[in-house]
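Colleague: I have a structure open and would like to learn how to read it feature by feature. Could you walk me through it?

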Amino acid sequence: MAMKKSYVDKTICVACGVCTKVCPKQAIIIIKGCYAKVDAEHCVGCRKCEKNCPAGCIEVREG
Amino acid sequence: MSKKWYDYLWIWTMIYFVLGFFNILFAWLGMIDFLVPLGFAIFGGNKYFCNSYCGRGQLLGKLGSKLSLNRATPKWMRSKWFRYGFLCFFLSMFGNMIFQTYLVGAGATTLQEGIKLFWTFNIPWGWAYSAGTVSDWIAKFSFGFYSLMLTSTLIGLIVMILFKPRTWCVFCPMGCMTQTICKIKNKDDT
């Protein structure tokens, strides 16, 4: 079974950066003030970003 | 991750409101929170202010970790309509505040030593200003700007309790404005 990863809906992301602060693997960056992007290689699917995202734009699922 | 100096800017946010409680002229310092994020967005094409330097966001995050009900932000509150609608409303109120400052400066109205919360409730604040210290328009702007800063922080605290710690960030007018600037500036490479 494939490991679950975080995925960002960049159409609703507000680029606040909360996810980058809570990610224990520093696997998320904000791309040019527009949206968050997850580095799937480093993401461990811990859901911290999903739980903390105020915009509800992050979902943890199988890719 | 080790803490950086800017991880403590939530203290600055609290100091700002305390200073304004004792001397309203300190309200002008809030312009830093208006100009710096715009500077980052316009000249750097980024939201570094929101991401690292926003004291209010940090404060909401800290308080929210204890006080928030941690419920999902309602869908309507996350919608573009609401975000841009609130931005327009906020900018209109800011414009009105500038106009009121102009009226006082022009001598058309007199200076009221009070703040207005939620653009509705007048609160006497005379202890924080000695009449004649500076030009009336400078004092008027201070009262108006402090009202705006306090009102937006109170809204942030309310949504922090009801929803997620940083729900305010979803419809923060500065955040909305700077993200829009970034999207326009970086539209070719994002």
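Colleague: Let's begin with chain B: how many helices and strands are there?

Modeller: Happy to help, and please keep in mind that this is a predicted model. Chain B has nine helices and two strands. Along the sequence they follow the pattern α-α-α-α-α-α-β-β-α-α-α.

Colleague: What does the radius of gyration of chain B say about how compact it is?

Modeller: The general idea is to set the radius against 2.2 Å times the number of residues to the power 0.38. For the 190 residues of chain B this globule rule gives 16 Å, and the radius of gyration is 17 Å, so chain B is as compact as a globular protein of that length. Its C-alpha trace spans about 50 × 40 × 35 Å along the principal axes. As for burial, 45% of the residues of chain B count as buried.

Colleague: And which pattern does chain A follow along the sequence?

Modeller: Chain A reads β-α-β-β-α-β, that is, two helices and four strands. Its radius of gyration is 10 Å, close to the 11 Å of the globule rule for 63 residues, so chain A is also as compact as a globular protein of its length. The C-alpha trace of chain A spans about 35 × 20 × 20 Å along its principal axes, and 46% of its residues count as buried.

Colleague: What share of the contacts in each chain comes from residues 24 or more positions apart?

Modeller: Here one takes the contacts with a separation of 6 or more as the base. In chain A, residues 24 or more positions apart account for 58% of them. In chain B, the corresponding figure is 80%.

Colleague: Now helix packing. At what angle do α6(B) and α7(B) pack?

Modeller: Angles over 145 degrees count as roughly antiparallel. Helix α6 (residues 80–105) of chain B packs against α7(B) at about 160°, with the axes 7 Å apart, which means that α6(B) is roughly antiparallel to α7(B). The crossing is right-handed. Among the contacting residues are B:Phe90, B:Phe94 and B:Met97 of α6(B), and B:Phe141, B:Phe145 and B:Leu148 of α7(B). By class, this contact has eleven nonpolar, five polar and two charged residues.

Colleague: How do the axes of α1(B) and α7(B) cross?

Modeller: The axes of α1 (residues 9–22) and α7 (residues 136–162) of chain B come within 11 Å and cross at roughly 135°. That angle makes α1(B) oblique to α7(B), and the crossing is left-handed. On the α1(B) side the contact is made by B:Tyr16, B:Phe17, B:Gly20 and B:Phe21, and on the α7(B) side by B:Phe145, B:Tyr146, B:Met149, B:Leu150 and B:Thr153. Seven of these are nonpolar and two polar, with no charged residues. B:Phe145 takes part here and also in the contact with α6(B).

Colleague: Last feature: where is B:Asn70 found, and what is its phi?

Modeller: A backbone check looks for positive phi in residues other than glycine. B:Asn70, in the loop between α4 (55–67) and α5 (75–78) of chain B, has phi near 55°. B:Asn70 is partly exposed, with a relative accessible area of 45%.

Colleague: And in which loop is B:Trp119 found?

Modeller: B:Trp119 lies in the loop between β1 (114–117) and β2 (121–124) of chain B. Its phi is positive, about 60°, although B:Trp119 is not a glycine. With a relative accessible area of 23%, B:Trp119 is partly exposed.

Technical notes. Residues numbered from 1 in each chain as written. Chains lettered and ligands numbered in written order. Predicted model: local features only at pLDDT ≥ 70, side-chain atom pairs only at ≥ 80, totals over all residues. Heavy atoms only, no water. Axes fitted to C-alpha atoms, helices over the stretch in contact; angles between N-to-C directions. Parallel < 35°, antiparallel > 145°, perpendicular 65-115°, else oblique. Left-handed = near helix turned anticlockwise from the far one by under 90°. Contact = heavy atoms within 4.5 Å. Nonpolar A, V, L, I, M, F, W, Y, C, P; charged D, E, K, R; others polar. Buried < 20%, exposed > 50% of the residue type's maximum accessible area, 1.4 Å probe, protein only.
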